[in-house]
Structure formats: structure tokens, C-alpha cells
Amino acid sequence: MTLWLLRHGEAEPRSEGDEFRPLTDRGRTEVRRSAERLLGQRIDVIYASPYVRAQQTAELVRGVLGHKEPIVTLPWITPDDDVIKAIDLLDDLSGSNILLTTHNPFVSYLAGLLVHGNLQQPLSMATGSLATLEGEMRIAGAMELVELFHP
């Protein structure tokens with residue numbers, strides 16, 4: 001199974017609240033570059049954080065790929081959510097090949113935990129970064145980092 005982890009593109013620095021910050025023009029360009037890396041890949045489901053910038057990122061990817069299914073929102077993949085709890089919930093997600101559109105620091109720690117099995121080695125995920133992980137199960141230390149792309 002394949003898990004793609006995509007950090008949202010660059011977002012406006014200020015808004016009514018963190019969850020409402022939209023993507024900048026640069027952020028949309030970053031997302032399109034990462035989405036192009038996914039062309040030709042079979043993605044069963046695109047999941048996204050409920051935050052505006054993650055939803056916009058997921059919709060941009062969906063458009064680039066021509067993905068027909070709607071985006072599925074997961075409330076437990078926001079910036080400061082608990083990655084240990086997320087690991088337990090990941091294996092219950094439908095689809096063998098899924099894309100998570102989320103935030104830092106969550107995504108860096110989640111990727112590190114899936115690959116290294118600990119929280120001491122997070123992956124460096126800049127805005128728009130895309131990590132490709134493969135493995136038999138989406139559990140701590142059981143996945144292999146195939147590619148880490150920074151637009």
C-alpha cells in the first residue's frame with residue numbers, strides 16, 4: 001500500500017484564525033508542482049484536514065489529477081493533533097493508496113513515526129512537500145520512505 005503525505009502550500013500569515021488561512025499564489029504553485037508528481041498514480045481516496053489551506057490544497061490536487069471522488073475531511077490531522085493517536089486511526093482508513101493533505105508539525109512527526117518508529121526523527125516537510133511511503137501496514141516503523149519531494 002502507498003501513503004502520500006502532502007503538506008499544504010504556503011498560506012497567508014494572518015487571518016481570523018489559524019484554521020481560516022488561505023493559500024497564497026506561491027502556495028498554489030507549490031501544490032501544483034507536487035500534484036504533478038502524482039500523475040499516473042492510483043489514488044483511492046484523498047483525505048484532508050478541515051483547515052482552509054489543506055482543503056484548498058486537496059482540491060488543487062484533485063483537479064490536477066482529475067480525481068472524481070470527493071475529498072474526505074479528517075478532523076484529527078490538524079497542525080497540533082496527536083500523531084500517536086493518528087497512527088491507530090490510519091490503519092482504519094479505507095483505500096490502499098491514499099493521500100493525506102495536512103500540516104506541520106503533524107505531518108513531519110507522522111512521517112518520521114511511520115518510517116523510523118519514533119518521534120525523534122521527523123521528516124523535514126516544507127510547504128508543498130510530498131512524501132511517498134510504502135509498506136504492508138500503516139503503523140509505526142513499518143513504512144519505507146520512497147521519495148521526499150520539495151517543490
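Threonine 57 is in contact with Leu6, His8, Gly9, Leu23, Val31 and Thr101, once its neighbours within four places in sequence are left aside. These contacts, like everything below, are computed on a predicted model. The residue belongs to helix α2, which spans residues 52-65, and the points that follow begin with its surroundings before turning to the nonpolar cores, to helix α4 and to several single positions.

**Threonine 57 in helix α2**

- With a relative accessibility of 0%, threonine 57 counts as buried, because buried means under 20% relative accessible area.
- A polar atom of the threonine 57 side chain lies 2.8 Å from the backbone oxygen of arginine 53.

**The nonpolar cores**

- The largest nonpolar core holds 26 residues, and the members that touch the most others within it are Leu3, Leu5, Leu90, Leu93, Leu100, Leu110 and Leu114.
- Two or more residues of this core come from each of β1 (2-7), β2 (45-48), α3 (83-90), β4 (97-102), α4 (106-116) and β5 (130-134), and the largest share, seven residues, is given by α4.
- Another core, of 15 residues, lies apart from this one, and includes Val31, Leu38, Ala58 and Leu60.
- Leucine 114, one of the residues of the largest core that touch the most other members, is in contact with Leu3, Ile87, Leu90, Leu133, Arg138, Ile139, Ala140, Gly141, Ala142 and Met143, when residues up to four places away in sequence are not counted.

**Packing of α3 against α4**

- The axes of α3 and α4 come within 10 Å of each other and cross at roughly 60°, and the crossing in which α3 passes α4 is right-handed.
- On the α3 side the meeting residues are Val83, Ile84, Ala86, Ile87 and Leu90, while on the α4 side they are Phe106, Tyr109, Leu110, Leu113 and Leu114.
- By residue class, this contact of α3 with α4 is made up of 10 nonpolar residues, with no polar and no charged ones.

**Helix α4 and its two ends**

- Helix α4 is largely enclosed by the rest of the structure, because nine of its 11 residues are buried.
- The buried residues of α4 are Phe106, Val107, Ser108, Leu110, Ala111, Gly112, Leu113, Leu114 and Val115, and what covers them includes β1, α3, β4, β5 and β6 (144-149).
- Proline 105 is found in the loop between β4 and α4, and the peptide bond that joins asparagine 104 to proline 105 is cis, with omega at about 5°.
- Histidine 116, which is found in helix α4, counts as partly exposed at 36% relative accessibility, because that value falls between the 20% limit for buried and the 50% limit for exposed.
- Leaving out residues up to four places away in sequence, histidine 116 touches Gln121, Leu123 and Gly141.
- From C-alpha to C-alpha, histidine 116 and aspartate 91 are 17 Å apart in space, with a separation of 25 residues in sequence.
- Just after α4, glycine 117 takes a positive phi of about 80°.

**Serine 34 in helix α1**

- Serine 34 is found in helix α1, residues 25-37, and at 1% relative accessibility this serine counts as buried.
- Outside its neighbours within four places in sequence, serine 34 is in contact with Leu6, Gly128, Ser129, Leu130, Phe149 and Pro151.
- The C-alpha atoms of serine 34 and histidine 8 are 10 Å apart in space, and the two residues are 26 residues apart in sequence.

**Threonine 132 in strand β5**

- Threonine 132 is found in strand β5, where its relative accessible area of 8% makes it buried.
- Not counting residues up to four places away in sequence, threonine 132 touches Thr2, Leu3, Trp4, Glu144, Leu145, Val146 and Glu147.

**Glutamate 69 in the loop after α2**

- Glutamate 69 lies in the loop between α2 and β3 (72-73), and its relative accessibility of 46% places glutamate 69 among residues that count as partly exposed.
- The C-alpha atoms of glutamate 69 and valine 52 are separated by 19 Å, the two residues being 17 residues apart along the chain.

Terms used. Residues numbered from 1 in each chain as written. Predicted model: local features only at pLDDT ≥ 70, side-chain atom pairs only at ≥ 80, totals over all residues. Heavy atoms only, no water. Core = buried A, V, L, I, M, F, W, Y, C linked by side-chain atoms within 4.5 Å. Buried < 20%, exposed > 50% of the residue type's maximum accessible area, 1.4 Å probe, protein only. Helix = DSSP H or I, 4+ residues; strand = E, 2+ residues; numbered from the N terminus. Contact = heavy atoms within 4.5 Å. Axes fitted to C-alpha atoms, helices over the stretch in contact; angles between N-to-C directions. Left-handed = near helix turned anticlockwise from the far one by under 90°. Nonpolar A, V, L, I, M, F, W, Y, C, P; charged D, E, K, R; others polar. Polar contact = N/O pair within 3.5 Å; in protein donor to acceptor, adjacent residues only side chain to side chain.
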